[in-house]
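Visitor: I would like to learn how the words used for a structure follow from values. Could you show me one and explain each term as we go?

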Amino acid sequence: MSTSIKLFTFAAPSTFYKLSGYLIPWLYCLSIAVGLTALYVGFFIAPTDATQGEAYRIIFVHVPAAWMSMVLYLVMAMWAAIGWAFNARLAYMVARAIAPTGAIFTFLALWTGAFWGKPTWGTWWVWDARLTSELILLFLYLGYMALVESIDDVRRSDKAGALLALIGVVNVPIIYFSVRWWSTLHQGATISMTAAPKMASTMLTAMLLMTIAFWAYAFAVVFMRTRAIILEREKNMGWVQFLSQQNKRKKQ
Amino acid sequence: MNWNNLEGFISMGGYGLYVWGSYAMVLLWLAIEPYAAWRRQRNAQQEISNPTGWPQ
């Protein structure tokens, strides 16, 4: 019983609000420090690619952005499902806060992919399985955002959003396995759990560092947006009013 | 070291437009998004401390 109480402590928006407030600056610092290191390794240590020349350096943002776009969707759907199952209001708020970040990473994966495709494939865009399913992911994020914003009743919009998010989960394995299931211009998986890496270790290092930087960034910005949503929804609650009075006193 | 001089770094072996076009868009959005989130937070705080929006 005592452990369950501890677990649910952080499910209270007031506790989350305080804790995330401390974490956000550290997460941004971590993101910037690791991101700059990744850029240094990617541009100054990683060698020129034998077949693609310098164009391949787009990989250091393209692959991490694409990973984030898929993982964030799964996390968003998971929190939406938890919100639905347990009627947890913070879980719904986190799901809503993740959607714009996920949409941005999806757009960036598509954009950097186009800028990589043009010099290597000779075209900005092809309607192949990998690119099309990633574009559908962008539409799923945008659809989720439009849906939850279009329904005024928060409880109804949260549930409608959760349903859409959960149905859309089907698309994530389609994106991931698309390069295996269909013949496509897009190259295969960059990293496999079972096979040895196909790229130079410095290239891999830069890519993984950028992934860590993107993770820290995503945590920070999602926490920020969740805090704003908490204030918007709970503005009439006692703890928010108390916090507001405290801040006023500090300013005086 | 991959680059002999600044021009070499900028031209990226002829792929400068594509490499920097990618990185610029990433940096742009990773700056816009935290700013938007910060503004949303500030607006919510103002709404609470001054619900009517009248000067205090």
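Visitor: How many residues does the contact take from chain B and from chain A?

Guide: The contact takes 25 residues from chain B and 30 residues from chain A, where two residues are in contact if their C-beta atoms, placed from the backbone, lie within 7 Å. On the side of chain B that touches chain A, 15 residues are nonpolar, seven are polar and three are charged; here Ala, Val, Leu, Ile, Met, Phe, Trp, Tyr, Cys and Pro count as nonpolar, Asp, Glu, Lys and Arg as charged, and the others, Gly among them, as polar. Please keep in mind that this is a predicted model, in which local features need pLDDT of at least 70 and side-chain atom pairs count only at pLDDT 80 or more, while totals for chains, interfaces and linings use all residues. Residues are numbered from 1 along each chain as its sequence is written, and chains are lettered from A and ligands numbered from 1 in the order in which they are written.

Visitor: What is the radius of gyration of chain B, set against that of a compact globule?

Guide: Chain B has 21 Å, whereas a compact globule of 56 residues would have a radius of gyration near 10 Å; the radius is taken over C-alpha atoms, and the globule rule is 2.2 Å times the number of residues to the power 0.38. The C-alpha atoms of chain B fill a box of roughly 60 × 15 × 15 Å along the principal axes. The secondary structure of chain B comes to two helices and zero strands, helices (H or I, at least four residues) and strands (E, at least two) being DSSP runs numbered from the N terminus.

Visitor: Why is M12(B) called buried or exposed?

Guide: A residue is buried if 20 or more other C-beta atoms, placed from the backbone, lie within 10 Å of its own, exposed if 12 or fewer, and partly exposed in between. M12(B) has 21 C-beta neighbours inside 10 Å and therefore counts as buried. M12(B) lies in the loop between α1 (6–11) and α2 (16–49) of chain B, and has a positive phi of about 50° although it is not a glycine.

Visitor: How do you know whether N87(A) counts as buried or exposed?

Guide: N87(A) has 12 C-beta neighbours inside 10 Å, so N87(A) counts as exposed. N87(A) is found in the loop between α3 (59–86) and α4 of chain A, and its phi is near 55°, a positive value in a residue other than glycine.

Visitor: What makes G143(A) buried, exposed or something in between?

Guide: G143(A), in helix α5 of chain A, has 16 C-beta neighbours inside 10 Å, so G143(A) counts as partly exposed.

Visitor: Why are α5(A) and α7(A) called roughly parallel or antiparallel?

Guide: The axes of helix α5 (residues 129–150) of chain A and helix α7 (residues 171–181) of chain A come within 8 Å and cross at roughly 170°. Angles under 35 degrees count as roughly parallel, over 145 as roughly antiparallel, 65 to 115 as roughly perpendicular and the rest as oblique, and α5(A) and α7(A) are therefore roughly antiparallel to each other. By class, their contact has eight nonpolar, three polar and two charged residues.

Visitor: What is the angle between α4(A) and α5(A)?

Guide: Helix α4 (residues 89–121) of chain A and α5(A) pack at an angle of about 150°, with their axes 9 Å apart, and α4(A) and α5(A) are therefore roughly antiparallel to each other.

Technical notes: Axes are lines fitted to C-alpha atoms, for helices over the stretch in contact, and angles run from 0 to 180 degrees between N-to-C directions.
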